[in-house]
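Reader: Hello! I am in my first year and would like a close look at the empty space inside this structure. Could you take me through the cavities, and then show me what else is worth seeing around them?

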Amino acid sequence: MKQTFINFLFGIFIVFNVFAQETIVKGSVIDASSNAPIPDVTVSIEGTSLATTTDGFGVFNFSGDIPLGEQMLKLSKEAYITNRYPITVNQGQTVNITDMTLDIDVSDSPDLFTITLADDELNSDTSGADNISGLLSSSRDLFSRTAAFEFSSSFFRVRGLDSENGSVLINGIEMNKLFNGRPQWSNWGGLNDVVRNQELTIGLAPSAYNFGGILGTTNINVRASQYREGGRLTYSSSNRSYTNRLMASYSSGLMQNGWAYTLSIARRWGNEGYQDATVYDANSFFASIEKKINDNHSINFTSIYAPNRRGKSSPNTQEVYDLRDIRYNEYWGYQDGKKRNSRIKEVEEPILMLNHYWNLNSKTSINTNIAYQFGQLGNSRLDFAGGANPSPSYYQKLPSYFLADDDGPDYAGAYIAEQEFINDGQIDWNRLYDANQTNNINGDYAAYALYEDRSDDKQLTVNSILNTELTENISLNASVRYSNLESENFAEIIDLFGSTTGYLNVDAFDGFQFDLNNPDRVAQEGEKFRYNFNLNSDIISGFAQGVFKYKKIDFYLAGSVTNTTYQREGLYDNEAQPNSFGKSKELSFTGVGAKTGFTYKLTGKHLFDVNAAYVTKAPSLRNTFSNSRESNDIVGDRSGIEISEEKISSIDASYIYRSPIVKAKLTGYYTSIENANEISFFFADGIGGDNTAFVQEVLQGIDKQHIGLEFSLEAQMTPTLKLKGVASVGQFTYSNDPFLYLTSDDFDDGFEDFGTANLKDYRIAGGPQKAYSLGFEYRDPDYWWVGATTNFFTDTYVDVSPLTRTENFYLDEDGLPFNDYDVNVARELLKQEKFDDYLVVNAIGGKSWKIDDYYIGFFASINNLLDKVYKTGGFEQGRDANYRSLRDDANNPTRIFGPKYWYGRGTTYFVNVYFRF
């Protein structure tokens, strides 16, 4: 036994001795102007297949079969000029070259890939436009870059996943909203110059900052000392969202006294973008100040203030698009000769951040951060109490309504409605004023009001991040985090259209008091009404990760634990909701995460990468309370199925080929999401027969399956010409039949159980499930460049109505199937609509000049060059909730309650000019 133990120790000694005698080449790469470390630099040994990339600290490491003697290190990264360094390699020794430099390439303006994203492509709050482009925009990976910039206008989702599955951080602090889990991109909108410095991990790959989501982690580094010294002025013009943009920024670089600062201001504005009356008005201010106390300690303070205001555009039925065009927007009308939009989204949420950077030694650092974000988010809309619906595309105002008359088609009425809609078809603001002024004379309360759904948040986040290099091959990342959210939510009247009598705080249709504590209260402009409640949340989380890098294999292990608590406090006692006033019970969820992966380096050219994860997480606040505006009821309270954590399983495997000319990657992936919840609000006809109600639809226990392949290939055909191709082939489906119930003031007990919704094997809506791109880039030595891509999209589906797939669809009021129910007709009615395939061509080009120490650049892009008309998304209306109503509507000459769609933009342009000094 003793001899065995001695042999074991001797074996361990030999192993460590072998590692100690390995030949190693390592070093670091920094920016020649700012001395900041540069991540993702490709470092290769010329004449061999050996290649690696720098990490987030600009560090790289080679070991193993390194050729001996005089060699040449090649450093390359897009937007930088390639550089070469000679080295001499000796057997069993370490070559350590620190602070090798790269100069920025003026001919490769970052704007080529970062400015062309339209802000509303990142900020739309419609289900058809949740976009992950911002998560990927900093990536130099061809597939990710193509998904962000070529596929974004079609609202393509990588692997069919929402942006809540990716983490966005600023200086290591997570910025995803606790309400819905998604980043609020407009909180730093317009600050392109100062949010370019991003570190991205794709998918399950390890991040040095947090456990991350299954789509990866993006950390935006706004540390003042990391910017190169100099300034930049930019002007842009476009017809997409805003029409004009001005930006100015300046960075001092790290000065001799240890101080550094970066400042940026921007303005974006326009009366309307591509859609009618989509006003845009946004200002942005940024300041980052850092003090380097000594070589081990630095403190950085950052403030971001980006108030923005933009007009929304409406989804429309096909009838509306056919009568008008894809630019039509029902939310606006002329007032005093100017277009006024009733649906305005306004965001004003400043961010204050303090960061402490502590280098304990050359191998260990601790980054401690505190951030406070506060402000308001508002969405305006019209309300009417007894007046006619002011929507110009209300179904009773369209030709289809008259053609479906029970007494036979009313052709005269249809023609009049058609002409009125074509020639006007917008909100009549004067009519709203006239109605309220008439009520003033009669002593009645206002019939119309414009109000705002408000969320006023205060969020505090504190975290600390540890990074340490345990050995040359092993590093450890760990973090702890605490977040607290206090959210005030209410409706506030912003315009009473000349009413002097005020707006009665009572449900105009059912007569329910919105607040029994103040019955028959009359609200004036600037006052709250309808609903008023608080949401509170606390999150405590911890994360640890080990990363191991060796000659032939790199691998990692990571784990996380998160405790999340939610509580609602109702400030109104809603007459229709007995559980509305006071505090709800406190909910607590415990989420755990585990992931692992490895990269096997068969040779320097051929690599295999595999990642797997299992994650449980709390449902978002949005999907926890069944109707948070009116009640403390929690999802599952009525169904008897207790709410619990979502469960996510994910695995992907990739083959990677790298050579000086060709880079290719093929990935297969599978993701399973279980026990998810979704809540929707809509009017439904045909509830339990022929009843109509405004309902809250609660889907509980949803399972989804995402499976597919991703492929990318780029070939450097000549020093100036690059060809590229990308393919994404996915299938995203519901994998079970979730439970469905409705809540409504119109139900006797406020609740109706509809059992399971037959959703299994229906496609999940959200952009095309298959997308392909072919293109080229040409970069001339005289600093001009052009590029073009052809993009093909297929397998885009409408979002189906779950209620229509329940027993309510075929059961009459007596609980028995409709006596005229036809299975074949029903199957056709419930078939999911698939949109037409389409092809979009995009082009881009630019030129730059260097004059002494100054740089001037210009570029322009044209999207949808062929002006292709295509649908990007849509949803079935819940108005036709049973077989008879849906059948009768489908048999009409034009459907009254057909699906509502979003269309992509036609031909659009973006022009940018900048001056850098």
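Author: Happy to! The model is a predicted one, and it holds seven cavities of 30 Å³ or more. The largest cavity has a volume of about 910 Å³. If you wonder how such spaces are found, rolling a probe the size of a water molecule over the atoms shows where empty space is left.

Let's look at the walls of the largest cavity. It is lined by 44 residues, and those closest to its centre are Ser167, Glu174, Arg481, Thr562 and Lys617. Several strands give two or more residues to this lining: strand 8 (166-170), strand 9 (173-174), strand 25 (474-495), strand 28 (528-549), strand 29 (553-570), strand 31 (587-601), strand 32 (606-617) and strand 33 (646-658). Strand 31 provides the largest share, with five residues. As for the chemistry of the lining, 23 residues are polar, 15 are nonpolar and six are charged.

Two of those strands, 8 and 9, lead us to a curious spot, since the loop between them holds Asn171. To see what is curious about it, keep one rule of thumb in mind: most residues other than glycine have a negative phi, and most peptide bonds are trans. Asn171 is not a glycine, yet its phi is positive, at about 50°. Asn171 counts as buried because its relative accessibility is 3%, below the 20% cut-off.

Ala277 makes a nice companion to Asn171. Its phi is also positive, near 60°, and it too is a residue other than glycine. You will find Ala277 in the loop between strand 14 and strand 15. Ala277 is buried, with a relative accessible area of 3%.

That loop has another resident, and it brings us to salt bridges. Side chains of opposite charge can pair when their charged atoms come close. The count for this structure comes to 38 salt bridges. In one of them, the side chains of Glu272 and Lys339 meet, 3.1 Å from N to O. Glu272 sits in the loop between strand 14 (259-270) and strand 15 (280-292), while Lys339 belongs to strand 20 (residues 338-341), so this pair links distant parts of the chain, 67 residues apart. Both partners are partly exposed: Glu272 has a relative accessible area of 27%, and Lys339 is at 36% relative accessibility.

Now set that pair beside a buried one. Lys724 and Glu777 form a salt bridge whose closest N and O atoms are 2.9 Å apart. Lys724 lies in strand 36 (residues 721-734) and Glu777 in strand 39 (residues 770-780), so the salt bridge ties together parts that are 53 residues apart in sequence. Lys724 is buried, with a relative accessible area of 14%, and Glu777 counts as buried at 7% relative accessibility.

A further buried pair joins two loops. Glu876 forms a salt bridge with Arg805, and their closest N and O atoms are 2.6 Å apart. Glu876 lies in the loop between strand 43 (871-875) and helix 11 (883-890), and Arg805 in the loop between strand 40 (784-794) and helix 10 (823-829), so the pair ties together parts that are 71 residues apart in sequence. Glu876 is buried, with a relative accessible area of 18%, and Arg805 counts as buried at 3% relative accessibility. Salt bridges can also be linked to one another: Asp812, Asp820, Arg884, Arg887 and Asp888 are joined in a network of them.

Sequence distance and distance in space can be compared in another way, using C-alpha atoms. Leu200 and Asn219 are 19 residues apart in sequence, and their C-alpha atoms are 6.5 Å apart in space. Leu200 is in strand 10 (residues 198-202), and Leu200 counts as buried at 17% relative accessibility.

Let's finish on the outside. A nonpolar patch lies on the surface, with about 930 Å² of accessible area together, and its residues include Ile293, Phe301, Leu354, Tyr372 and Val462. Strand 16 (297-305), strand 22 (351-359), strand 23 (364-384) and strand 24 (448-469) are the elements that give two or more residues to the patch. Strand 23 contributes the largest share, three residues. Leu354 is a good residue to pick out in your viewer: it is found in strand 22, and Leu354 is partly exposed, with a relative accessible area of 39%.

Notes: Residues numbered from 1 in each chain as written. Predicted model: local features only at pLDDT ≥ 70, side-chain atom pairs only at ≥ 80, totals over all residues. Heavy atoms only, no water. Patch = residues over 30% accessible without salt bridge, like charges linked within 9 Å, V, L, I, M, F, W, Y side chains within 5 Å. Areas by Shrake-Rupley, 256 points an atom, 1.4 Å probe, with all protein chains shown as cover. Salt bridge = Lys/Arg side-chain N within 4 Å of Asp/Glu carboxyl O. Helix = DSSP H or I, 4+ residues; strand = E, 2+ residues; numbered from the N terminus. Buried < 20%, exposed > 50% of the residue type's maximum accessible area, 1.4 Å probe, protein only. 1 Å grid on protein atoms, 1.4 Å probe; cavity = no way out; pocket = protein on both sides within 12 Å on 5 of 7 lines; lining within 4 Å. Points joined across faces, edges and corners; volume = space filled by probe spheres on them. Nonpolar A, V, L, I, M, F, W, Y, C, P; charged D, E, K, R; others polar.
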